[in-house]
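User: Please take a close look at one part of this protein for me, the small parallel sheet and what lies around it. I would like one connected account that I can follow with the model open.

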Amino acid sequence: MSAFRIPVCMPPEAVRAMAEVRALNTAADGEPSAFVLTFGCQQNEADSEHLRGIAAEMGYRITDRPEEAELILVNTCAIREHAEQKALSIIGQYKHLKATRPSLIIGICGCMVAQQHRVEEFKHSYPYVDFTLDAASMHRLPEMVLERRRGGRRACTYAHMPMDHVPDVVEGMPIHRDTRWRAWLSIMYGCNNFCAYCIVPYVRGRERSRTPADIEAEARALIADGCRDLTLLGQNVNSWGRMPDGSFPEGDFASLIGRLAELDGDFRLRFMTSHPKDASDALIETMASHEKIARHFHLPLQSGSDAVLARMNRRYTAEHYLGIVDRLRAAMPDITLTTDIIVGFPGETEADFEATLEILRRVRFDMIYSFIYSPRKGTPAAEYADQIPDAVKHERFDRLIALQNEISYERNLLAEGKTLRVLCDGEKVQEGVILCSGRTDGGKLIYFAGNARPGDVVQVKVERAEPFVLRGVQI
């Protein structure tokens, strides 16, 4: 099911709890602080902005030092085993903080705790963890904190989400952003695609879209506050607004970004992540006709083999994917293309892997995000009998990276001598020299000599290209 959800505001009980915690913090000696640690994707980063915002509304000062915090929130990722193990390792290090400061409250949030086996693990093996809170329940954070502040019991509980359940879209949650000039804007939540390797539909639930009015209102506020680079987020942004019958009663994604690109202000609009099966010609046409939509398209491939794509349940072929690429480049010759690649999916043969390398040679992506396949408990692919040996996966991964590094360098060389629009993010010390650091409209990292300040948009002439960064001078 995919639908617009009638948005709800933060429940009254959450608002009351937020006010009560704030009163407790106001009455306390000194200003208590909160630390939020984030693992995973951009959607998790956006969720953490809400967690920080709620903490700030409860009267906590946001800190980057867990050792001084009275509230620690770990926003977890379940997309790969490595991310879960890293999170567990760091959470384990907080045990000594709790031992020295029993009043410390530790909450584990996000995708990892939408899995029953992980919740049970926290309940029984991490007694210093006070509560767990899945991504669809962030608005309940004040209630969890207040319960522990009152001396209530731990709340490491698993909230079962039926497969046909569509969680609410909760509007009005406070947000605490680290920068004003770049911002995430979630336009939808959940996923209906059920790729064989992916845990997301099981931990984030079914697709539900925010209304265009709510999205536009937030975008207007961000731009008015100085946002110069706005990224629309969704597990599959292309399917924003689609109802169960396939209709788009309030317009499709192409119409949404066209509407946002008409807003006043000097900004660039981005989006991720797109699914190739839903990348429409209307979307490409809309991008090409609006200067404010960044010339950058992140289009996950995952594999160049039709056989592997079918087993992944990706619902497109290599030929279909290449057709999208050709149309993108025909409409926008200067577009930056990036992708995701999974190496070592169960049953992947050497010929399948070579098909992926051939796609890289054919498309010549500017950059790829590559991953070694990691079985996720609860997904179909984890049960496949033909798992690839680790040694084979790592050898293929190394070959993939070596090829892409060559391509990325060649793509970056095309920028030498060009003058590009760059949004400055800060400074970077390189060999004792202080340089400005920023991103081009295509999302490429660039270091440059100049006097730009964070949030400034400047013109930079590219003097030298490297495989992973451009170098230039502000003009």
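Analyst: Two strands are taken to pair if DSSP finds at least two bridges between them. With that in mind, and remembering that this is a predicted model, one can start from β14 and strand β15 (residues 336–343), which run parallel and are joined by three bridges. One of the positions to look for is F297, whose bridge partner in β15 is L337.

These two strands belong to an open sheet of three strands, in the order β14-β15-β16 and with parallel pairing. Its edges are formed by β14 (296–298) and β16 (367–372), each of which pairs on one side only. From one strand to the next the twist averages 15°. Across β15 and β16 lies helix α14 (residues 390–413), and this helix runs at about 175° to β16.

F297 also leads from the sheet into the nonpolar interior. The largest nonpolar core has 66 residues, and F297 is among the members that touch the most others, together with I187, L232, F253, I257, F271 and M287. Following F271 outwards, and leaving aside residues up to four places away in sequence, one finds that it touches T231, L232, V237, F253, I257, L283, M287 and F297. Apart from this core lies another, of 26 residues, which includes A34, A55, V145 and M173. As a general background, nonpolar side chains tend to be buried together in soluble globular proteins.

For comparison with the parallel sheet, it is worth turning to another set of strands. Strand β18 (residues 433–440) and strand β19 (residues 445–449) pair in the antiparallel sense over four bridges, and R439 has L445 of β19 as its bridge partner. β18 and β19 form a hairpin with four residues between them, and in the turn G443 has a positive phi of about 85°. β19 is also joined by four bridges to strand β21 (residues 470–474), and these two run parallel, with A449 standing opposite V473 of β21.

A helix pair completes the account. The axes of helix α3 (residues 81–93) and helix α5 (residues 116–125) come within 13 Å and cross at roughly 15°, and because angles under 35 degrees count as roughly parallel, α3 is roughly parallel to α5. The contact is made by E81, E84, Q85, L88 and I91 of α3 and by R118, E121 and F122 of α5, and α3 passes α5 in a right-handed crossing.

Note on methods
Residues are numbered from 1 along each chain as its sequence is written. This is a predicted model: local features need pLDDT of at least 70, side-chain atom pairs count only at pLDDT 80 or more; totals for chains, interfaces and linings use all residues. Side-chain values use heavy atoms; hydrogens and water are left out. A nonpolar core is a set of buried Ala, Val, Leu, Ile, Met, Phe, Trp, Tyr and Cys residues joined through side-chain atoms within 4.5 Å. Buried means under 20% relative accessible area, exposed over 50%, partly exposed in between (1.4 Å probe, protein chains only). Contact means heavy atoms within 4.5 Å. Axes are lines fitted to C-alpha atoms, for helices over the stretch in contact, and angles run from 0 to 180 degrees between N-to-C directions. Angles under 35 degrees count as roughly parallel, over 145 as roughly antiparallel, 65 to 115 as roughly perpendicular and the rest as oblique. A crossing is left-handed if the near helix is turned anticlockwise from the far one by less than a right angle, and right-handed if clockwise.
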